[in-house]
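Dear colleague,

I am handing over the structure we spoke about, and below it I set out what was found when it was gone through. Please keep the model open beside the text as you read.

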Amino acid sequence: MALVLEALLEILRRPTVGAVFMELFLFLGPLWIAVLVGLVVGWVWKPKWATLGREKADDSEATSKAWSSSWSSLLVPADGLSKLAETEAKAVTIEDLVYLCKLVEVKDGGPAWIPMMDRSMGNMRYKAWRRDQQIGPPQYRSSTVFEDATPELVRDLFWDDQFRSKWDDMLIYSSTLEECPTTGTMVVQWIRKFPFFCSDREYIIGRRIWESGRKYYCVTKGVRSTSVPRRNKPRRVDLYYSSWCIRAVESKRGDGQLTACEVLLFHYEDMGIPWEIAKLGVRQGMWGCVKKIEPGLRAYQIARQSGAQLSRSAFMAQINSKINPNFLRSMGTTSDDNSEVIEASESPEKQLGRNIPKFLLIGGAVALACTLDRGLLTKAVIFGIARRFGKLGR
């Protein structure tokens with residue numbers, strides 16, 4: 001028996017692939033257990049910070065009454081889209097354009113935007129904000145500036161579902177359900193990949209582009225459709241809004257030339273997970289997703305310059321409804337609402353410490369300390385971090 005134990009110990013001492021995997025298992029096992037326990041406890045216990053805010057699809061009528069008028073207009077039935085050429089597109093309407101314009105001009109009357117992130121890489125700079133409404137999931141606003149890019153190219157990039165899979169690894173399936181050759185309105189089906197502890201999510205999205213000069217207002221939002229039956233998996237996301245304004249801006253080189261392109265994005269959705277957990281996930285994964293856009297855009301530039309054939313969705317992106325800037329002003333997008341873009345706020349660390357229960361932080365720190373007793377980090381450092389978060393929570 002002693003010889004067997006000695007042999008096993010000798011194998012573990014050797015720098016083999018098996019030993020490496022054994023080390024990784026011993027290293028990561030308790031961490032994953034702590035994470036899963038935290039998620040399960042958060043889901044079952046339902047503390048105040050983890051308000052689910054989810055409504056069943058069958059209760060959509062009761063839910064819509066609770067939303068404000070601007071929110072309830074985002075869930076518009078997509079029935080009858082085969083007649084889009086005869087009438088105004090019902091999936092995405094002029095009211096959606098007005099709503100987006102108010103968001104762009106910060107005239108929607110909503111809460112102040114809280115700064116989240118300010119980063120840059122190469123020829124791209126990214127800023128992000130967040131705000132919490134009294135009703136509904138957290139909302140996000142971002143500004144992404146690409147150097148040496150035209151608004152038209154960026155518009156086509158975000159509409160091109162076929163090329164998107166080259167830079168957006170969350171999109172695993174896309175299909176066009178309806179399209180209007182007159183207005184450019186489309187209804188598409190997306191399936192997006194979620195982390196292992198969540199099922200994939202399905203989206204039925206209505207989208208349309210309006211053009212004012214070289215400024216493009218691109219609206220995409222969740223719509224209802226009877227053509228695609230609802231299934232248990234992937235889970236369908238009903239409340240979804242992701243729209244942006246694309247416009248030429250001055251280059252950071254300071255030469256006065258409008259050779260850069262800014263994308264102002266406004267996004268929110270009810271993914272079916274607690275919103276506080278979703279906010280934490282967005283914060284942690286935001287930059288990792290955003291920084292993939294820059295190489296994707298440059299690859300798209302090269303493909304277009306080489307004369308690559310346009311995909312059907314990229315072709316539809318070029319069918320835009322023309323609007324006059326005076327029309328937007330007449331629709332009230334330049335009202336005197338007093339929204340602010342930036343608000344003095346607590347640091348992200350304070351918000352994180354306050355929103356996560358202390359026992360999860362301390363428990364996670366204990367698991368981490370017991371796991372990392374291999375010369376990588378000392379227990380003193382780990383418990384010091386736990387105490388710091390505990391103080392922030394108070």
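I begin with a single loop residue: glutamine 134 has its place in the loop between E2 and E3. Please bear in mind throughout that this is a predicted model. With a relative accessible area of 84%, glutamine 134 is exposed, since a residue counts as such over 50%. The C-alpha atom of glutamine 134 is separated by 9.2 Å from that of proline 111, and the two residues are 23 apart along the chain.

The strands on either side of that loop belong together, for strand E2 (residues 124-131) and E3 pair in the antiparallel sense over eight bridges. Within this pairing, arginine 131 has glutamine 139 in E3 as its bridge partner. Strand E3 (residues 139-146) has seven of its eight residues buried, so the strand is largely enclosed by the rest of the structure. E3 is also joined by seven bridges to strand E10 (residues 260-269), and these two run antiparallel; there, tyrosine 140 stands opposite histidine 267 in E10.

From E10 one can pass on to E9, as E9 and E10 pair in the antiparallel sense over 10 bridges, and in that pairing cysteine 245 has leucine 264 in E10 as its bridge partner. Strand E9 is itself largely enclosed by the rest of the structure, because eight of its 10 residues are buried. Strand E7 (residues 215-222) is joined to E9 by four bridges, again with the strands running antiparallel, and lysine 221 stands opposite tyrosine 241 in E9.

The aromatic residues deserve a paragraph of their own. A search of the whole structure finds nine aromatic pairs. One of them is formed by tyrosine 203 and tyrosine 240, which meet edge-to-face at 5.0 Å centre to centre with 65° between the planes. This pair links distant parts of the chain, given that tyrosine 203 lies in strand E6 (residues 201-212) and tyrosine 240 in strand E9 (residues 240-249), 37 residues apart. Tyrosine 203 counts as buried at 1% relative accessibility, and tyrosine 240, with a relative accessible area of 8%, is buried as well. Tyrosine 241 and tyrosine 268, by contrast, form a stacked pair, with 5.2 Å centre to centre and 20° between the planes. Tyrosine 241 lies in strand E9 and tyrosine 268 in strand E10, so this pair ties together parts that are 27 residues apart in sequence. Both tyrosine 241 and tyrosine 268 are buried. Elsewhere, ring pairs link Phe158, Trp159, Trp167 and Trp244 into a cluster.

Turning to the nonpolar interior, the largest nonpolar core has 45 residues, and those with the most contacts inside it are Phe146, Val154, Phe158, Ile246 and Met286. Helix H6 (residues 151-159) gives the most to this core, contributing five residues. Once its neighbours within four places in sequence are left aside, valine 154 is in contact with Phe146, Ala149, Ile246, Cys261, Val263 and Leu297. Apart from this core lies another, of 24 residues, which includes Leu103, Tyr217, Val219 and Val223. As background, nonpolar side chains in soluble globular proteins tend to be buried together.

Leu297, met above as a contact of valine 154, is also one of the buried residues of H9, the others being Ile293, Glu294, Gly296, Arg298, Tyr300 and Gln301. Helix H9 (residues 293-305) has 13 residues and reaches 18 Å from its first C-alpha to its last, which is close to the 18 Å expected at 1.5 Å a residue. Just after H9, glycine 307 takes a positive phi of about 85°.

Finally, some totals for the protein may help you to place these details. Its secondary structure comes to 14 helices and 11 strands, and buried residues make up 43% of its 394 residues. Among the contacts with a separation of 6 or more, 66% are accounted for by residues 24 or more positions apart. The protein exposes about 21,000 Å², of which carbon and sulfur atoms supply 58%.

With kind regards

How values were computed:
Residues are numbered from 1 along each chain as its sequence is written. This is a predicted model: local features need pLDDT of at least 70, side-chain atom pairs count only at pLDDT 80 or more; totals for chains, interfaces and linings use all residues. Side-chain values use heavy atoms; hydrogens and water are left out. The expected span of a helix is 1.5 Å times one less than its number of residues. Buried means under 20% relative accessible area, exposed over 50%, partly exposed in between (1.4 Å probe, protein chains only). A nonpolar core is a set of buried Ala, Val, Leu, Ile, Met, Phe, Trp, Tyr and Cys residues joined through side-chain atoms within 4.5 Å. Contact means heavy atoms within 4.5 Å. Two strands pair if DSSP finds at least two bridges between them. Accessible areas come from the Shrake-Rupley method with a 1.4 Å probe; for residues, only the protein chains shown count as cover. Rings of Phe, Tyr and Trp (its six-membered ring) pair if their centres lie within 6.5 Å; planes under 30 degrees apart count as stacked, over 60 as edge-to-face and the rest as tilted.
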